[in-house]
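Please look through the sequence and the structure shown below before reading on. The report that follows takes up a few regions in turn.

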Amino acid sequence: MSCKHYKNSPQKYYKIISFATFVGLLYACSTTKKVPDGEYLLTKNNFEFEDKKEFFDEELKDYVQQKPNKKQLLFMPLSLAFYNMANPKYDTILNEYMTYPGEMRNQKLRDSLFIKYDMKSSVGKSLFLDRILHSWGTPPVILDQTRTEKSAESIKKRLTYRGYWDADVTFKHSLDSSAKKAAVNYFIKHNEATRIKDYYFNIPDPKIKGYYTYNLNKSLIRSGQILDQTILEKEVTRITDMMREFGFYKFNSSNDEIYFVADSLKSRTQVPLTMEIHKDSLDRPYKISTFGNIDVAIVDEPGDYPKNTKKDSLRRIRFHMMNNKYKPSSIWRAIIPDNKQVFDQKKLDMTKRNIMAMNNFSIVKARDSLRQGGMASPNDSIVDVLYVLKPLPKYELKVGLDGNYSQILNLGISPSVDLTTRNLFKGAENLSTSLSGTFGSIRSTKDIGKRVPAYEISAQASLNFPRLLLPFNYYKFLPKRYTPTSSILLGASIQNNIGLGRVNFNTGLNYQANINDQVYHKLTLFNTQVSLTKNKDAYYDYFVNDQVVKDEIFGDYFEFDPDTKTKFENGQLTIDEVSKRIIENKDYSGSLDQQGTDLLTAFRGTLVNKDRQTQDVLISSMIYNFVYSEIGKKDYPNAFYFNGKVELAGNLLSVFTKKDNSGGIVSGPQGTIFGIPYAQFVKFDIDTRKYFKFNGNQTLVLRQFVGVGIPYGNSKDMPIIKSYFNGGSNDIRAWVAFGGLGPSDSQVDERVRTYMTDNVKLTTNIEYRIPFSNMYEGALFTDIGNTWSLRNNNNGYGDEFKFNKFLGQMGVGSGFGLRINVAYITARIDLAYKIYDPNKPLGDRWRFKNFQPFKPTLNIAFGYPF
């Protein structure tokens with residue numbers, strides 16, 4: 001920072017320095033303000049591992065009984081500061097006052113406490129500010145040395161639980177009498193682990209033993225591994241779930257039928273382990289249960305069943321309804337268990353999931369129980385199931401107002417109105433209609449230093465069916481457990497953002513199926529989009545950089561061909577007609593030097609942009625989407641994610657082609673439907689991610705995206721709305737969206753790169769996430785990638801993908817960020833820097849010597865980027 005800058009803005013820097021000084025003094029002076037003499041404020045728990053570190057060591061911190069005050073501002077415990085700012089005279093009173101329920105906290109209670117603690121002169125005082133500070137604050141954590149000893153014992157027990165029976169845990173207090181602060185140092189030595197020498201199992205019941213041995217390869221326990229109790233617990237859960245799937249109802253319901261016995265008489269480091277499975281002390285045999293009666297009641301109030309309902313049945317499922325608002329067939333599809341089938345706990349779980357996914361009912365009761373026999377004891381092999389459902393309201397209206405930020409839109413607001421109409425045709429169909437808009441400002445294409453208004457208004461209607469819309473019975477090849485659903489979508493939008501605006505219409509028929517909690521399929525038929533460009537003739541008014549290039553080459557060409565200049569000035573030739581002459585005139589291109597050739601190539605690039613930006617297009621496609629996701633599943637700490645999509649467009653429309661239009665300047669004539677060119681292409685997208693958890697809750701994320709669009713037939717290029725672009729908060733963050741990143745050999749003139757899109761995309765993202773607290777999380781990241789054309793369709797523009805060149809054309813950006821978790825929302829701020837810019841000349845692409853730490857690319861968004 002220069003002195004000149006400071007002198008020009010003294011007040012601004014005075015405020016910053018004053019605030020920083022205030023915060024520093026607040027932190028330094030207030031933390032021990034209410035620590036009694038002879039006591040110490042606990043500031044830190046340190047862990048020193050004397051021999052090695054294990055993957056679970058981070059969890060040992062949870063077994064410390066005393067933890068320092070939480071730091072809300074990364075570097076200081078703000079809640080402690082609030083507590084210390086309150087008048088210490090009233091601490092005792094307010095500590096007791098806060099223990100009372102909220103409805104009892106009033107002046108009468110405060111006055112009674114003043115009298116109780118002999119503070120009669122304070123009767124009548126509100127203590128408003130002190131009460132606020134106490135409610136926001138937390139008292140200082142005073143070191144309790146006896147609790148440190150108990151913490152060491154708890155840590156040792158946890159190490160034993162993890163298989164380190166001979167671990168040693170000691171501690172030492174670091175006391176600072178003058179500052180009244182203390183830290184606790186825990187010294188941990190794992191020593192040699194206790195391992196499973198041999199693994200045995202004792203299962204008297206032959207059926208249980210048969211199922212277990214048949215699936216023995218899935219066991220989590222192996223000879224030679226560490227005797228970790230958490231692994232034994234997971235094995236118990238695995239066996240329990242497996243046996244319940246095989247029909248053993250309530251298997252291990254009391255959690256005492258499966259246990260392990262370790263023989264440590266001969267050794268503490270090599271221990272034989274035996275698993276025992278017993279129903280009871282008499283080893284009575286287990287029985288495989290079957291589903292009995294499946295009853296589903298739809299009621300207005302819980303007490304309406306069974307007295308106010310009428311009984312009906314459909315394919316072995318009994319329905320109890322008060323009226324005919326719902327067809328039994330619509331609910332039958334969601335019920336997975338069937339009469340006389342072998343009991344399977346997963347079928348009950350999937351049924352609950354299906355009912356909730358219908359968004360038509362709340363589950364008042366979901367009960368499964370053994371059928372009562374003729375005597376008092378139940379029949380232990382038949383399970384009756386009952387679901388009592390209450391319909392949700394017919395109409396549900398939601399009004400929302402969101403704020404958003406991007407490099408394109410800047411700060412904008414997004415109001416929305418959503419109306420859900422349930423059970424439209426008595427088959428649990430839902431009609432969702434929405435009207436939404438986004439309003440803000442964008443960077444002007446005429447003057448990048450200014451911003452102009454921008455907006456997008458859209459209306460959508462989606463009719464959702466809890467079944468597949470097919471003219472035949474599909475349950476033989478697609479079972480109910482896959483939860484098949486359908487939806488019909490119809491929408492329209494009008495937008496005015498990057499220069500020229502667009503009007504879009506879309507419709508489609510979607511089929512979805514969830515195979516299980518990880519696998520999802522979606523097939524979209526008749527996915528039709530119509531995209532119409534507004535203000536085509538104003539292209540050069542908005543894209544002024546392209547206009548500068550156009551004016552330069554027009555001036556040069558007019559010197560080569562004065563007759564064209566005369567006709568243009570007299571209005572006999574349009575801008576597009578002159579542009580076409582320039583591109584097609586081989587005598588002119590052959591007369592150019594290198595500088596002129598570069599200008600012609602740049603001009604051809606502007607024409608590619610113009611054709612794409614101003615094109616009207618009709619897209620009718622079929623899309624298949626497959627998703628496999630382990631994200632958020634507790635059994636997959638190192639989660640994997642795969643999303644693959646294939647889109648095929650235009651084949652059906654080619655049958656109905658009526659005529660050709662003139663096309664764009666460089667795109668050539670195209671077949672049309674109702675006067676609108678239609679697109680033909682095939683497109684493949686693959687998005688893979690891998691999450692690695694280590695050191696407790698730190699995460700390393702690797703992401704790879706590969707996208708390829710292949711235009712053919714009626715399309716020379718991919719439609720711009722289906723093309724790939726670089727940049728933005730979820731992509732290569734060192735570049736803004738549509739911010740000029742492109743293959744280096746096409747970077748003849750940077751002015752025409754701003755809105756370039758292409759049909760091949762490779763992006764690699766690496767992000768390391770480090771939680772500071774429950775609220776704050778830091779991140780370090782590197783993004784690598786670019787877009788290309790699949791082949792050189794642009795006559796020397798140089799953006800085609802080549803295996804021997806693409807690595808040197810990848811843009812590289814790195815940076816760091818902060819995530820703030822509030823409730824269920826994660827706000828994200830990322831600061832990114834260009835490391836390797838393929839758009840710069842050779843020898844100047846590595847940006848280290850031009851590094852500007854105070855001028856990063858700022859990304860503000862909500863949610864994780866991937």
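## Strands E5 and E6 and their sheet

In this predicted model, strand E6, which covers residues 270-277, is joined to strand E5 by five bridges, and the two strands run antiparallel. One of the residue pairs that can be picked out here is Tyr-259, whose bridge partner in E6 is Glu-276.

Both strands belong to an open sheet of three strands, arranged in the order E4-E6-E5 and with mixed pairing. Strand E4 (195-202) and strand E5 (258-262) each have a single partner strand and stand at the edges, so one side of each is left without a neighbour in the sheet. On average, and with direction ignored, neighbouring strands of this sheet are turned by 25° against each other.

## Helices beside the three-stranded sheet

Helix H8, made up of residues 206-214, packs on the sheet and touches E4 and E6, while its direction makes about 140° with that of E4. Helix H9, which spans residues 229-245, lies across E5 and E6 and runs at about 145° to E5.

## Strand E17 and its partners

Further along the chain, strand E17 takes in residues 502-514 and is mostly covered, since 10 of its 13 residues are buried. Strand E16 (residues 485-496) is joined to E17 by 11 bridges, with the two running antiparallel, and within this pairing Leu-489 has Gly-508 of E17 as its bridge partner.

E17 also pairs with strand E18 (residues 519-533), again in the antiparallel sense, over 12 bridges. Asn-506 stands opposite Gln-529 in E18, and the connection from E17 to E18 is a hairpin of four residues. As a general point, the side chains of a regular strand alternate between the two faces of the sheet.

## The surroundings of Ala-827

Is Ala-827 buried, partly exposed or exposed? Ala-827, which lies in strand E29 (residues 825-836), has a relative accessibility of 26%, and because this value falls between the limits of 20% for buried and 50% for exposed, the residue counts as partly exposed.

When residues up to four places away in sequence are not counted, Ala-827 touches Leu-818, Arg-819, Ile-820, Ala-861 and Phe-862. Tyr-864 is 37 residues apart from Ala-827 in sequence, and the two are 8.4 Å apart in space, taken from C-alpha to C-alpha.

Terms used:
Residues numbered from 1 in each chain as written. Predicted model: local features only at pLDDT ≥ 70, side-chain atom pairs only at ≥ 80, totals over all residues. Heavy atoms only, no water. Pairing = 2+ DSSP bridges. Axes fitted to C-alpha atoms, helices over the stretch in contact; angles between N-to-C directions. Contact = heavy atoms within 4.5 Å. Buried < 20%, exposed > 50% of the residue type's maximum accessible area, 1.4 Å probe, protein only.
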